[in-house]
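Biologist: Could you take me on a close look at the spot where the ligand sits? I'd like to hear what is around it.

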Amino acid sequence: MKNVIVLGASGNIAKHVIDILVKKDDINLTLFLRNKSRLRNYDISKCRVVEGNVLDLKQLKDAVAGQDIIYANLAGDLEAMAKNIVKAMGEKGVKKLIFISSIGIYDSPLKSVLKPYRKAADVIEASDLEYTILRPTWFTNADEVDYETTRKGEPEKGSVISQKSLATLITKIIEFPENYIRENLGVNKPNS
Ligand SMILES: NC(=O)c1ccc[n+]([C@@H]2O[C@H](COP(=O)([O-])OP(=O)(O)OC[C@H]3O[C@@H](n4cnc5c(N)ncnc54)[C@H](OP(=O)(O)O)[C@@H]3O)[C@@H](O)[C@H]2O)c1
């Protein structure tokens with residue numbers, strides 16, 4: 001069994017990922033979020049739900065203890081959140097982190113709205129974690145799975161990505177984490 005925790009489990013992408021993961025028998029899923037009434041999933045009967053704040057280091061450390069994979073689907077003060085996540089994972093000996101960032105964080109000049117996303121990525125890359133950072137383009141609700149990835153340093157491609165595609169990629173990383181170690185990937189719909 002693989003222990004997986006979703007930080008920010010009430011988020012849009014997290015909702016899709018949770019819907020896929022609850023159907024897998026080899027995953028023990030923990031949902032970490034500030035307010036559990038915000039969960040919108042149809043079936044979370046097999047999940048452990050923990051109310052907490054990523055900015056509270058003690059709550060975060062307790063939550064990540066014993067986990068194999070941390071999937072962070074967060075918004076807000078992402079630099080402070082990334083620092084707490086790196087610290088909590090280091091102290092609890094957890095190595096694998098999937099962190100959702102954004103397209104455009106290596107653009108120059110950097111848009112001010114993207115600064116927290118860039119800073120968070122810098123914090124994570126400076127750690128010794130087995131991270132996968134994802135930099136998706138703009139989300140759509142299209143009912144399709146169609147995506148490609150670009151590596152860090154390559155020009156980012158495309159302009160949109162369906163939430164379902166991004167969730168599918170995240171699930172694949174959770175299934176095969178060894179294929180995505182210390183990767184920082186742009187994600188887009190081909191030819192968009
Ligand atoms: N929309 C786009 O087109 C687009 C494109 C590229 C990248 N992105 C980025 O991709 C990421 C994922 O997107 P999304 O749409 O799934 O995000 P979202 O729906 O805004 O989810 C973010 C989650 O973070 C949680 N959160 C915020 N502060 C927290 C804290 N201190 N402790 C615990 N949880 C906290 C929120 O929980 P609460 O319910 O407690 O508020 C919320 O559920 C976001 O950073 C987003 O900006 C978006």
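**Around the ligand**

Modeller: Sure, and keep in mind that this is a predicted model. There are 22 residues around the ligand, and the ones that come nearest are Ser10, Arg38, Asn53, Leu74 and Tyr117. Let's go through some of their polar contacts. The side chain of Ser10 has an N or O atom 2.6 Å from an oxygen atom of the ligand. With Tyr117, an N or O atom of the side chain is 2.5 Å from a ligand oxygen atom. Asn53 deals with a nitrogen atom of the ligand instead: a polar atom of the Asn53 side chain lies 2.7 Å away from that nitrogen. As for cover, the ligand taken alone exposes 910 Å², and the protein buries 83% of that.

Now for the shell as a group. Helix H1 (12-21) and strand E7 (138-140) are the elements that give two or more residues to it. Sorted by class, the shell has eleven nonpolar, nine polar and two charged residues.

What about the space itself? The ligand takes up the space of the largest pocket, which holds about 610 Å³. That pocket is lined by 27 residues, and Gly11, Asn73, Leu74, Ala75 and Tyr117 are the closest to its centre. You've met Leu74 and Tyr117 already, among the residues that come nearest to the ligand. The elements that give the lining two or more residues are H1, strand E2 (27-33) and E7. By class, the lining splits into 15 nonpolar, ten polar and two charged residues.

Terms used. Residues numbered from 1 in each chain as written. Predicted model: local features only at pLDDT ≥ 70, side-chain atom pairs only at ≥ 80, totals over all residues. Heavy atoms only, no water. Near = heavy atom within 4 Å. Polar contact = N/O pair within 3.5 Å; in protein donor to acceptor, adjacent residues only side chain to side chain. Areas by Shrake-Rupley, 256 points an atom, 1.4 Å probe, with all protein chains shown as cover. 1 Å grid on protein atoms, 1.4 Å probe; cavity = no way out; pocket = protein on both sides within 12 Å on 5 of 7 lines; lining within 4 Å. Sits in = over half its atoms within 2 Å of the grid points. Helix = DSSP H or I, 4+ residues; strand = E, 2+ residues; numbered from the N terminus. Nonpolar A, V, L, I, M, F, W, Y, C, P; charged D, E, K, R; others polar. Points joined across faces, edges and corners; volume = space filled by probe spheres on them.
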